[in-house]
Amino acid sequence: MEQVPLKAVATFSVLGDLLKAVGGEHVHVDSIVGPNGDAHVYEPSIRDAKALANADLVFTNGLGFEGWMNRLIEASGYKGTVIVGAKGVRRRYDPIQEKEILDPHAWHSISNVKQYIHNIAQALAQKDPIHADYYESRKKAYLNKLEDLDQWIRTAISNIPTEKRKIVTLHDGFGYFGEDYDVEFLAPLGMSTEFEPSAQDLVNLIQKARRYGIKVIFLENISSPKLMEQIASEADSTIGGIVYSDALSEPTEAAGTYLKMMKHNVNQFLQAMKASTGPSSKTTILQTSGPGHRH
Amino acid sequence: MYDFFFAPFIEHLFLKRAMVACMALALGAGPVGVFLVLRRMSLLGDALSHSILPGVAIGFFISGLSLTVMSLGGFIMGLVVALLAGVVSRVTQLREDASFAGFFLISLALGVTLVSMKGSNVDLLHILFGTILAVNVDALLLVAGVATLTLIVLATIYRPLILECVDPNYFKSVSGAGGYYHIIFLMLVVANLVAAFQTLGTLMALGLMMLPAIGAKFWAKRVWSMILVSFLFASSSGYLGLLISVHAGYPSGPSIILVAGVLYILSLLVGTQGSLRTLRAGKRPASPKIS
């Protein structure tokens, strides 16, 4: 009998790519929010509900990332299990307020992505035990790639002086990355893209960028460039290009897969950190409350 | 004192631009709002704003993030709806509000269909409209140009426009040109709405057009003074709203509109013309005189 691949639905492109990495030819993956799409504010369509209704397995990120997902699953009539990709990942921790931060962007920590891969492989093996060995071997291969990537990033960033490790992006998508590699991320928008910034947020950000000598700031693929252009012109820096936080690019572009996305982002960050002139000597650096924290 | 009220605006270019954009909007949208109130068309802006949205979206699909094409798309779409509704209400028995409702709903549905056929995942409102904190030179030129045009055109058609506001039937009997003035006025409304969306960034932009004009009604006896009060309200809402946003950390767009709302409520309570205070004192409310 002809083998029909499992039909799996992932909520967004990054998760979909991890799913493909483990599932290989035995899993057909649909991502609801596709490349360059913003999952924070996504409006699901009937097509999405249909894909869910026909799915064998549904994967979400969790951690409050896809607020619209529960209603969509209910409406679609999907009866199977919903696998939360980020289940069991390390949460972010705010050392000053001494509490955990609920930040959905857990895939920017490679150690967390290893957990995602474990979760995915386990779910696939349970649903499709015939190919359990296949999934297991693909899992191991991918974990090795992740390990190599992690080593490369650590080495590259360790060559940058700590005071230059400051990056400005549009929204707080890189908090986990910041914790893993000791880089501070500053952003005018919070963890979700749906809020409007206040003038105060912008003033604070511009002053920090000036104080820290940040010369290159980044756009994200999911949003309008206007706000960042304004910040760049005032902080006397340039727009460095696009970094990818919440969605992959189209397959033909720079960040078509998770591994490519991480490499692309890190290369962009490295350039920006090298261009930084560092904190100016006459101003004292104020205490900041850790990467990405907002008041 | 200086640090609190002025320093942020002098130090930061983005705040300067935001302030200038608010002033320009106040200059153009203020008088337009006053005429909307006088013509009892205060809700028209809301209807028109919905018909502009799909036009902006079409502009975006044609040329990406080009301010010119997006604004032009919005302007054309808003104008088509305004003209169709205007013509229908003047030719047939249908009242203007009803024909507007009909056409703006069609336009909105058309726009939403187009957007979903394109299948974009990106939240369009974020892309299509600016934010007051990200006003660039192009947006400033747009809003300043619209304000200039509005003032020149309004000065030219000021008297007939007022006559037509007060008594369209009398005006029709002495001059056949009433319809043209009305259409020119509708063009100004659409242009100002497009400019407001590109700078203030949300559908709330309408607030800066209507709230100061409605508030001004409680202070001014004449049309020109109503326009003046409306401008003062709108520009001070812009300044105070931005100030609140800088110091208290509230989002800028809503802060500006909320200040305009507070000014309106205050006017309603203690204004000199037909406010709650004057009514309690037993004075008769005076309607705006023609000057």
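**Reading a predicted two-chain model**

Modeller: Once its neighbours within four places in sequence are set aside, Asp30(A) is in contact with Val9(A) and Ala51(A). The model is a predicted one, and Asp30(A) serves here as the point of entry.

Colleague: In which element is Asp30(A) found, and how should its exposure be read?

Modeller: Asp30(A) belongs to strand β2 of chain A. Exposure is judged by counting C-beta neighbours, and a residue needs 20 or more within 10 Å to be buried. Asp30(A) has 18 such neighbours inside 10 Å and therefore counts as partly exposed.

Colleague: How far apart are Asp30(A) and Val216(A), in sequence and in space?

Modeller: The two residues are separated by 186 residues in sequence, and their C-alpha atoms lie 35 Å apart.

Colleague: Strand β2 leads to the sheet. In what order do the four strands of the open sheet in chain A stand?

Modeller: A sheet is read by following the pairing from strand to strand. Here the order is β2-β1-β3-β4 in chain A, with parallel pairing. The edges are β2 (27-33) and β4 (82-84) of chain A, each of which pairs on one side only. From one strand to the next, the twist averages 25°.

Colleague: How many bridges join strand β1 of chain A to strand β3 of chain A, and which residue of β3(A) stands opposite Val9(A)?

Modeller: The parallel strands β1 (residues 6-12) and β3 (residues 57-60) of chain A are joined by three bridges. Val9(A), already met as a contact of Asp30(A), stands opposite Val58(A) of β3(A). Ala8(A) has Leu57(A) in β3(A) as its bridge partner.

Colleague: What of β3(A) and β4(A): how many bridges join them?

Modeller: Three bridges join β3(A) to β4(A), and these strands run parallel. Val58(A) stands opposite Val82(A) of β4(A). Val58(A) thus has a place in two pairings, since it also stands opposite Val9(A).

Colleague: Are the faces of β3(A) covered or open?

Modeller: The question is settled by examining the residues on each side of the strand. Leu57(A) and Phe59(A) on one side are buried, as are Val58(A) and Thr60(A) on the other, and both faces of β3(A) are covered.

Colleague: Turning to chain A as a whole, why may its radius of gyration be said to agree with that of a compact globule?

Modeller: The radius is compared with the value expected for the chain length. For 295 residues, a compact globule would have a radius of gyration near 19 Å, and chain A has 20 Å, which agrees. Along the principal axes, the C-alpha atoms of chain A fill a box of roughly 75 × 40 × 40 Å. Chain A contains nine helices and ten strands, and 50% of its 295 residues are buried. Among its contacts with a separation of 6 or more, 62% are between residues 24 or more positions apart.

Colleague: Into which domains is chain A divided, and which helix gives the most to the side of domain 1 of chain A that touches domain 2 of chain A?

Modeller: Domain 1 spans 6-153 and domain 2 spans 160-289. Their C-alpha centres in chain A lie 25 Å apart, and the contact takes 25 residues from domain 1 of chain A and 26 residues from domain 2 of chain A. On the side of domain 1 that touches domain 2, α1 (13-23), α4 (110-127) and α5 (132-158) of chain A each supply at least two residues. The greatest contribution, four residues, comes from α1(A). By class, this side of domain 1 has eleven nonpolar, nine polar and five charged residues.

Colleague: How should the backbone angles of Asp182(A) and Asp236(A) be read?

Modeller: Most residues other than glycine have a negative phi. Asp182(A) has a positive phi, near 60°, and lies in the loop between α6 (175-181) and β8 (184-186) of chain A. Asp236(A) likewise has a positive phi near 60°, in the loop between α8 (226-235) and β10 (238-243) of chain A.

Colleague: How exposed is each of these aspartates, by C-beta neighbours inside 10 Å?

Modeller: A residue is exposed if the count is 12 or fewer. Asp236(A) has 12 such neighbours and therefore counts as exposed, while Asp182(A), with 13, counts as partly exposed.

Colleague: How many helices and strands does chain B have?

Modeller: Chain B has 14 helices and zero strands. Of its 291 residues, 49% count as buried. Residues 24 or more positions apart provide 72% of the contacts in chain B with a separation of 6 or more.

Conventions. Residues numbered from 1 in each chain as written. Chains lettered and ligands numbered in written order. Predicted model: local features only at pLDDT ≥ 70, side-chain atom pairs only at ≥ 80, totals over all residues. Pairing = 2+ DSSP bridges. Axes fitted to C-alpha atoms, helices over the stretch in contact; angles between N-to-C directions. Rg over C-alpha atoms; globule rule 2.2 N^0.38 Å. Contact = placed C-beta atoms within 7 Å. Domains from an automatic or database assignment. Nonpolar A, V, L, I, M, F, W, Y, C, P; charged D, E, K, R; others polar.
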